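Could you walk me through this protein's fold, starting from the sheet and working outwards? I would like to follow it with the structure open beside me.

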Amino acid sequence: MTKIAVLHTSFVFVKTDPLFDELMQELVPDAEVVHFVDSDVLATVIRDDGISDESTERMVHLAEAAEAAGADLIFSACSSLGPALDVAAQRVSVPVVKVDDAMAHEAAARASRIGVLATVPTTLGPTSDLIAKHAAELGREVTTTPRLAEGAFDILVAGDRARHDELVVTAARALADEVELLVLAQASMSRLAERIEQETGMPVLVSPRLGVGQLAERAHELGS
């Protein structure tokens, strides 16, 4: 049985939203899934307005803890800390899959003008950079337009899901006028994809299913 460690930087997908557990059960049903949480590191990154060396080390320690627990694969559920996970991947022997990697690849392959929408400001840069990285690997020229649904994440954490949703959808409508594809940069926004597609007429990409699908492929490779 493949043991998958999921790294979290908030309790959203541990306490309140079963999204990743449901996707794991669907796409990697035979895996043992364990969760590792540093619920303060994302807040620290937001306060610091970027990923400090200290925050990077915290994610490295989380990955090392997962490795020490016998994980065969590590899955990072946080887009804001993507660059820190790149460092962690160099420090552990366990393969690391980032939740937004497959989404960024598909976005770069499908469109030239890509809108990146987030509810946490520190997610915009890493997601845009990841799309640019995949575009370069594909030999494509793309432009990304970042947009923040300001305050939405704090409202979600406080429990007002409806208000969070309205802020995200409003920001998506405005951004859709400038681009040809929308990327919802955080997994916490993904359940709004269908609504945003309907209201904007714009294709929308989200990370959870694509990311867990990539994880399932890696698990299959290990099993083979």
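Start with I74, which stands opposite V96 in strand 4. This is a good place to enter the predicted model, for strand 3 and strand 4 pair here in the parallel sense, over three bridges. Now step back to see the sheet around them. It is an open sheet of four strands in the order 2-1-3-4, and the pairing is parallel. Strand 2 (32-37) and strand 4 (96-98) are the edge strands, each pairing on one side only. If you look along the sheet, neighbouring strands are turned by 25° against each other on average, direction ignored.

Next, find what lies over this sheet. Helix 11, residues 208-223, lies across strand 1, strand 3 and strand 4. Its direction is at about 175° to strand 3. Since angles here run from 0 to 180 degrees between N-to-C directions, helix 11 and strand 3 run in nearly opposite directions.

Strand 3 also takes part in an aromatic contact. A search of the whole structure finds one aromatic pair. F20 and F75 form this pair, with 5.7 Å from centre to centre and 65° between the planes. Why is the pair called edge-to-face? Because planes over 60 degrees apart count as edge-to-face, and the planes of F20 and F75 are at 65°. The pair links distant parts of the chain: F20 belongs to helix 2 (residues 19-27) and F75 to strand 3 (residues 73-76), 55 residues apart. Both rings belong to buried residues, as F20 has a relative accessible area of 1% and F75 has 0%.

Two loop positions are worth a visit. T9 sits in the loop between strand 1 (3-8) and helix 1 (12-16). Is T9 buried or exposed? Its relative accessibility is 5%, so T9 counts as buried. Leaving aside residues up to four places away in sequence, T9 touches D38, S39, D40, V41, L42, M59, C78 and L81. The other position is D49, in the loop between helix 3 (41-48) and helix 4 (53-68). D49 counts as exposed, because its relative accessibility is 63%. Its backbone also deserves a look: D49 has a positive phi of about 60° although it is not a glycine.

Moving further along the chain, you reach helix 7, residues 121-138. Its 18 residues reach 27 Å from the first C-alpha to the last, close to the 26 Å expected at 1.5 Å a residue. Residues of helix 7 that are buried include T122, T123, L124, P126, T127, S128, L130, I131, H134 and A135. An α-helix has 3.6 residues a turn, so residues three or four places apart point the same way. Just after helix 7 comes G139, whose phi is positive, near 70°.

Finally, zoom out to the whole chain. The secondary structure comes to eleven helices and eight strands. Along its principal axes the C-alpha trace spans about 45 × 40 × 35 Å. How does the radius of gyration fit a compact globule? With 224 residues, such a globule would have a value near 17 Å, and the protein chain has 17 Å, which agrees. Of the 224 residues, 51% count as buried. Among contacts with a separation of 6 or more, 74% come from residues 24 or more positions apart. The pair of F20 and F75, 55 residues apart, is an example of such a distant link.

Notes: Residues numbered from 1 in each chain as written. Predicted model: local features only at pLDDT ≥ 70, side-chain atom pairs only at ≥ 80, totals over all residues. Heavy atoms only, no water. Phe/Tyr/Trp six-rings, centres within 6.5 Å; stacked < 30°, edge-to-face > 60°. Buried < 20%, exposed > 50% of the residue type's maximum accessible area, 1.4 Å probe, protein only. Contact = heavy atoms within 4.5 Å. Expected span 1.5 Å × (residues − 1). Pairing = 2+ DSSP bridges. Rg over C-alpha atoms; globule rule 2.2 N^0.38 Å.
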